[in-house]
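Student: Please take a close look at one part of this model. After that, carry on into the rest of the chain and give the details that can be checked on the coordinates.

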Amino acid sequence: MLMVGLTGGIGSGKSAVAARLAALGAVVVDSDRTAREVVAVGTEGLTEIVAAFGDRVLGPDGALDRAALGAVVFADEAARRRLEAITHPRVRARTGELVAAAAPDAVVVNDVPLLVEVGLAPTYHLVVVVQTELATRLARLERTRGMDRAEAERRIAAQADDARRRAAADVLLSNDGTLDELHSAVDRLWRDRLLPYEANVRDRRAARPDPTTVAEADPARPEQYARLAARIRHVIAPADLRIDHIGATAVSGLAAEDVIDIQLTVSSLAEADGPLKERLAAAGFPRLTGQWWDSPRSADNDRWEKRLHSSADPGRPVRLHLRPQGSPGWRHALLMRDHLRADPGRRAAYLALERELVSGVLDPAAEDLWFDEECHRAEEWAARSGWRP
């Protein structure tokens with residue numbers, strides 16, 4: 001089962017994306033609908049809301065008057081947080097029931113307006129954010145919901161801003177064009193990413209990156225790493241293990257193979273081989289097996305022994321290295337990253353090496369020779385600078 005979080009600011013057109021995904025075969029769990037269920041007439045949720053805000057939030061029929069409640073809470077942050085404390089736990093519980101009822105091979109899309117605000121992003125395999133220009137959102141709210149401009153602006157201001165939502169987005173869908181254009185983008189996402197991602201998670205299979213391409217330096221890499229690290233932290237909780245961005249994509253301004261390398265520090269390889277292995281696989285980071293890093297064949301390899309996981313997501317290649325703290329490979333990964341970050345000349349040399357390897361000018365064995373020499377330079381730099389891992 002693949003869990004996808006879908007969000008977007010009010011008036012962004014998120015519901016149109018959810019409807020298209022449902023038409024394609026996704027199981028859509030609508031948090032707004034669920035939120036209505038848990039405060040329907042006769043529920044404990046409604047009783048608690050009336051106790052908190054009074055009868056003024058009820059309609060003549062005794063049901064919740066959502067407009068009246070909205071006028072109270074969207075103008076008062078403390079009141080809004082009080083309402084969220086009543087509704088959010090109930091919505092989460094009901095959502096869990098709906099997800100549990102989905103088929104094992106389902107793509108479950110959880111449509112959550114406040115996904116970013118309440119910190120749910122790391123709980124999903126993938127987060128999709130629908131983004132629309134502010135003027136378009138305001139016009140939609142006035143036209144489709146009958147809000148005046150001041151009320152629409154208050155509702156938008158009460159939510160996360162676009163920058164915060166973008167930082168949480170694995171996929172950003174722009175909805176400033178036509179509905180047909182939006183549907184085409186959703187169809188591509190479903191076909192090229194969501195369906196293969198679900199199959200990979202179910203089969204505990206990695207989506208292999210193309211090793212023959214070098215991508216130019218991308219300022220978005222730190223945000224990509226941060227999202228992945230947050231997802232891993234959620235998976236390993238309550239354990240508090242060290243997580244580091246390593247490899248070429250951890251070095252600012254350096255073109256590199258477009259794979260995010262992450263190092264997860266474990267106490268021992270026995271810890272890596274325990275329940276952690278399956279928890280990571282279920283979260284979209286399956287174990288790679290059958291190579292020296294999984295079953296060392298020589299004394300030299302034993303020094304660098306690790307457990308290697310990868311990403312099941314075809315849209316974001318990842319190598320997740322599990323290494324014991326203090327081991328030679330653990331220290332080497334951190335040292336080389338920091339050495340290249342500190343020395344522009346050595347970054348340029350590494351970039352030239354990568355380009356020659358990809359173009360076929362150099363034999364792949366040249367990379368090992370380069371790193372053997374560079375390791376001596378890095379150790380000299382560490383001694384001069386007082387570097388510690």
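Tutor: Strand β9 is joined to strand β10 (residues 318-324) by 4 bridges, and the two run antiparallel. The model is a predicted one. Strand β9 also pairs with strand β8 (residues 287-288), again in the antiparallel sense, over 2 bridges. His-309 takes part in both pairings: its bridge partner in β10 is Leu-320, and His-309 is in turn the bridge partner of Arg-287. Within β9 (residues 307-310), Arg-307 and His-309 point one way, while Leu-308 and Ser-310 point the other way. All four of these residues are buried.

Further along the chain comes helix α14, which covers residues 328-342. From the first C-alpha to the last, the 15 residues of α14 reach 21 Å, close to the 21 Å expected at 1.5 Å a residue. Its buried residues are Gly-329, Trp-330, Ala-333, Leu-334, Leu-335, Met-336, Arg-337, Asp-338, His-339 and Leu-340.

Elsewhere there is an open sheet of 5 strands with parallel pairing, in the order β2-β3-β1-β4-β5. Its edge strands, β2 (27-30) and β5 (171-174), each pair on one side only. From one strand to the next, the twist averages 25 degrees. Inside this sheet, β1 (residues 2-8) and β3 (residues 107-111) run parallel and are joined by 5 bridges. Leu-2 stands opposite Val-107 of β3.

Strand β3 also holds Asp-111. Asp-111 counts as buried because its relative accessibility is 3%, and the cut-off for buried is under 20%. The side chain of Asp-111 makes a polar contact of 2.6 Å with that of Lys-14. With residues up to four places away in sequence not counted, Asp-111 touches Leu-6, Lys-14, Ala-18, Val-28, Val-29, Asp-30, Ser-31 and Asp-32.

Helix α9 (residues 179-203) lies across β1, β3, β4 (126-131) and β5. The helix runs at about 165 degrees to β5. Nonpolar side chains in soluble globular proteins tend to be buried together. In this model the largest nonpolar core has 23 residues, and those with the most contacts inside it are Val-17, Leu-21, Val-128, Leu-173 and Leu-194. At least two residues of this core come from each of β1, α1 (14-24), β3, β4, β5 and α9. Helix α9 gives the most, with 8 residues. Val-128, leaving aside neighbours within four places in sequence, is in contact with Val-4, Gly-5, Leu-6, Thr-7, Val-171, Leu-173 and Leu-189. A second, separate core has 20 residues, including Tyr-225, Ala-229, Val-318 and Leu-322.

Two backbone details in loops remain. Arg-204 sits in the loop between α9 and α10. Its phi is near 55 degrees, a positive value in a residue other than glycine. Arg-204 counts as partly exposed because its relative accessibility is 33%, and that class lies between the 20% and 50% cut-offs. Pro-238 is found in the loop between α10 (221-236) and β6 (243-246). The peptide bond that joins Ala-237 and Pro-238 is cis, with omega at about 10 degrees.

Technical notes: Residues are numbered from 1 along each chain as its sequence is written. This is a predicted model: local features need pLDDT of at least 70, side-chain atom pairs count only at pLDDT 80 or more; totals for chains, interfaces and linings use all residues. Side-chain values use heavy atoms; hydrogens and water are left out. Two strands pair if DSSP finds at least two bridges between them. Axes are lines fitted to C-alpha atoms, for helices over the stretch in contact, and angles run from 0 to 180 degrees between N-to-C directions. Contact means heavy atoms within 4.5 Å. Buried means under 20% relative accessible area, exposed over 50%, partly exposed in between (1.4 Å probe, protein chains only). A polar contact is a pair of N or O atoms within 3.5 Å; within protein, one must be able to donate a hydrogen and the other to accept it, and residues adjacent in sequence count only if both atoms are side-chain atoms. The expected span of a helix is 1.5 Å times one less than its number of residues. A nonpolar core is a set of buried Ala, Val, Leu, Ile, Met, Phe, Trp, Tyr and Cys residues joined through side-chain atoms within 4.5 Å.
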